[in-house]
Amino acid sequence: MITKSNIGRGLRHSLAMAGAAAVFAFVSNTAFAGSCPADKVVADGAGQKAGATMPAGVTDTVLASINLSKEMVAANDHLFRMRRLVIQPGGVVPWHSHADRPAIIYIVSGEVTEYASTCAVPIAHKAGDVAPETHATAHWWKNTGNKVAVLISADILHDTMDANSM
């Protein structure tokens with residue numbers, strides 16, 4: 001028998017399912033935002049080629065760092081570092097590798113384009129995107145937009161490298 005409570009329960013169930021589907025669709029679409037399309041991933045070196053070797057139009061400010069040799073992870077000769085990069089329109093973060101420096105980049109504002117050695121096409125990043133940079137990452141970035149781009153970078157740096165540079 002159909003009752004008011006059965007109709008209400010069915011409606012709530014339908015709305016919950018529709019909400020779950022909407023969340024899944026949103027997460028599915030955003031989870032891959034700012035990454036190389038699956039059909040464009042290529043072997044290292046077969047993707048985008050090395051770009052500029054010097055920074056241009058970029059302000060790189062170290063906000064904080066922690067000496068990891070004194071922490072529980074005991075990663076001798078390594079720092080955990082957070083930086084703020086401000087990239088002017090046309091500005092470039094030069095070609096570099098993350099072989100010994102994993103990082104996570106958060107795009108705070110603006111838009112930047114990444115040219116990665118493992119992607120056949122440039123990768124567009126917009127505000128809110130997160131870009132993981134692993135040992136397999138070699139790339140360069142350019143602000144191809146007309147507004148300043150601001151990025152936050154958290155990386156693990158081998159402290160024999162210059163802690164105040166890209």
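**Exercise 1. Confidence**

In which elements of the protein chain is confidence lowest and highest?

*Solution.* The structure is a predicted model, in which local features need pLDDT of at least 70, side-chain atom pairs count only at pLDDT 80 or more, and totals for chains, interfaces and linings use all residues. Residues are numbered from 1 along each chain as its sequence is written, and side-chain values use heavy atoms, with hydrogens and water left out.

Step 1. pLDDT is the predictor's confidence in each residue, from 0 to 100. Helices (H or I, at least four residues) and strands (E, at least two) are DSSP runs numbered from the N terminus.

Step 2. Helix H1 (residues 4-31) has the lowest confidence, with a mean of 44, whereas E3 has the highest, at 97.

Step 3. Over residues 11-32 pLDDT stays under 50, and the model has zero contacts beyond four places in sequence for them; a contact means heavy atoms within 4.5 Å. For the protein chain, the mean pLDDT is 82, and 76% of its residues reach 70 or more.

**Exercise 2. Tyr106**

Determine where Tyr106 lies and which residues Tyr106 touches.

*Solution.* Step 1. Tyr106 belongs to strand E3 (residues 103-109).

Step 2. Its relative accessible area is 38%, so Tyr106 is partly exposed; buried means under 20%, exposed over 50%, and partly exposed in between (1.4 Å probe, protein chains only).

Step 3. Leaving aside residues up to four places away in sequence, Tyr106 touches Gly128, Asp129, Val130, Val150, Leu151 and Ile152. The C-alpha atoms of Tyr106 and Gly128 are separated by 6.8 Å, although these residues are 22 apart along the chain.

**Exercise 3. Asp60**

Is Asp60 buried or exposed?

*Solution.* Step 1. Asp60 is part of strand E1 (residues 56-67).

Step 2. Asp60 is buried, because its relative accessible area is 18%.

**Exercise 4. The cavity**

Describe the largest cavity and its lining.

*Solution.* Step 1. On a 1 Å grid over the protein atoms alone, a cavity is a set of points where a 1.4 Å probe fits but cannot get out, and lining residues have an atom within 4 Å of a point. A volume is the space filled by probe spheres set on the points, which are joined across faces, edges and corners.

Step 2. The largest cavity holds about 90 Å³ of space. Of its 13 lining residues, Arg83, Leu85, Val93, His96 and Ile105 are the closest to its centre.

Step 3. Strand E2 (78-97), E3 and strand E8 (149-158) are the elements that each give two or more residues to this lining. E2 gives the most, with four residues.

Terms used. On a 1 Å grid over the protein atoms alone, a cavity is a set of points where a 1.4 Å probe fits but cannot get out, and a pocket is an open set with protein on both sides within 12 Å along at least five of seven lines; lining residues have an atom within 4 Å of a point.
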